[in-house]
Amino acid sequence: MFHEPVMVEEVLQQLDLQHRHGLFLDGTVGGGGHARALLEQCAWCRVLAVDRDPEALEEARRVLREFDDRVRFLATTFDRAIEEGRVGDETLTGALLDLGLSSRQLDEAERGFAFRPGIPLDMRMAGARPSDRTAADLLNEEGESRLAKIFRDYGEEPRARRLAREVVRRRARAPLRTSDDLVAALRSALGRPARNREKARIFQALRIAVNDELNILERALPVIRRALRPEGTLAVISYHSLEDRRVKLAFREWSRSCVCPAELPVCRCRGRPLGSALTRRPIQASDEEVSRNPRARSARLRAWRKAA
């Protein structure tokens, strides 16, 4: 299987397909698992299937070919999907963003997302486009301050400055090209072998920077909200706290009746909530699902519904 979708039933429950039909956005269609489940359950639903990864989009076309008349495919990032897909305001019945990497992306060594030995430092979600910088390019070209900021802000690494300095020192002798090069720099910065969770944080930080993930998410959320029709639902599955925090804060702000600064004596903003959060706390995968698909362990699902 290209990728096993996470929390399918929970996602469909939040989208409330029994009472809705129309156009849904799957902004990270991946292997097409969520989209297929949606189309199977809702005969009157259509899907705009979006992904920046050409391999994922090709697999989604294969998985969804029997629904060809109800699916439109678009190769882009989900912050641009509304504009490029020519979706108007208050047009979407619902939307889903599954922000994690697919199993295929993690397992294919040439994609460079993992820290297994000998893997190239690539990490481009959109594939091998010459115009896009790889993780190796970033490590070998960015200044020490910028690298430290990436390791600190995106990897929450307490020794970010030391690691950035070590990367700069090592690349002066030879460019960093593989996972081994980065793991060696991390070991030197820590003064001991890095634990797997420490490696994972640093590789996550690089991946976020290479693909501009958090900025794309922040741009996409309000754009998708505007495209939702009244009582439309946005569901987001995140896999680390940096993503989940942004989704949580956006949903919280949209659910408030007033967002004016506290010092203003009279409300001068919208004066009403734009909608309401459907999940007070994030929904997590069941123990049964985690035992079947360990990568679901870190998944967090939040959903928000636009006001009528």
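How many bridges join strand E6 to E7, and in which sense do the two strands run? Select residues 275–277, which make up strand E6, together with E7 in this predicted model, and you will find three bridges between the two strands, which run antiparallel. Within this part of the structure, Ala-277 stands opposite Trp-304 in E7.

Stay with strand E7 and select residues 300–306, a stretch that is mostly covered, since six of its seven residues are buried. Now add strand E5, residues 228–238, which pairs with E7 in the antiparallel sense over six bridges; Val-236 is the residue to select opposite Arg-302 in E7.

Return next to Trp-304 and show its side chain along with that of Trp-254, because the ring centres are 4.9 Å apart and the planes stand at 70°, an angle that makes the pair edge-to-face. This pair links distant parts of the chain, with Trp-254 in helix H12 (residues 241–254) and Trp-304 in strand E7, 50 residues apart. Both Trp-254 and Trp-304 are buried. If you then add Phe-251, you will see a cluster in which ring pairs link Phe-251, Trp-254 and Trp-304, while a search of the whole structure finds four aromatic pairs.

For the last stop, select helix H10 (residues 196–211) and helix H11 (residues 213–227), whose axes come within 6 Å and cross at roughly 55°, so that H10 and H11 are oblique to each other. Where they meet, Arg-207, Ile-208 and Asn-211 in H10 face Glu-213, Leu-214 and Ile-216 in H11, and the residues of this contact divide into three nonpolar, one polar and two charged.

Notes:
Residues numbered from 1 in each chain as written. Predicted model: local features only at pLDDT ≥ 70, side-chain atom pairs only at ≥ 80, totals over all residues. Heavy atoms only, no water. Axes fitted to C-alpha atoms, helices over the stretch in contact; angles between N-to-C directions. Helix = DSSP H or I, 4+ residues; strand = E, 2+ residues; numbered from the N terminus. Parallel < 35°, antiparallel > 145°, perpendicular 65-115°, else oblique. Contact = heavy atoms within 4.5 Å. Nonpolar A, V, L, I, M, F, W, Y, C, P; charged D, E, K, R; others polar. Buried < 20%, exposed > 50% of the residue type's maximum accessible area, 1.4 Å probe, protein only. Pairing = 2+ DSSP bridges. Phe/Tyr/Trp six-rings, centres within 6.5 Å; stacked < 30°, edge-to-face > 60°.
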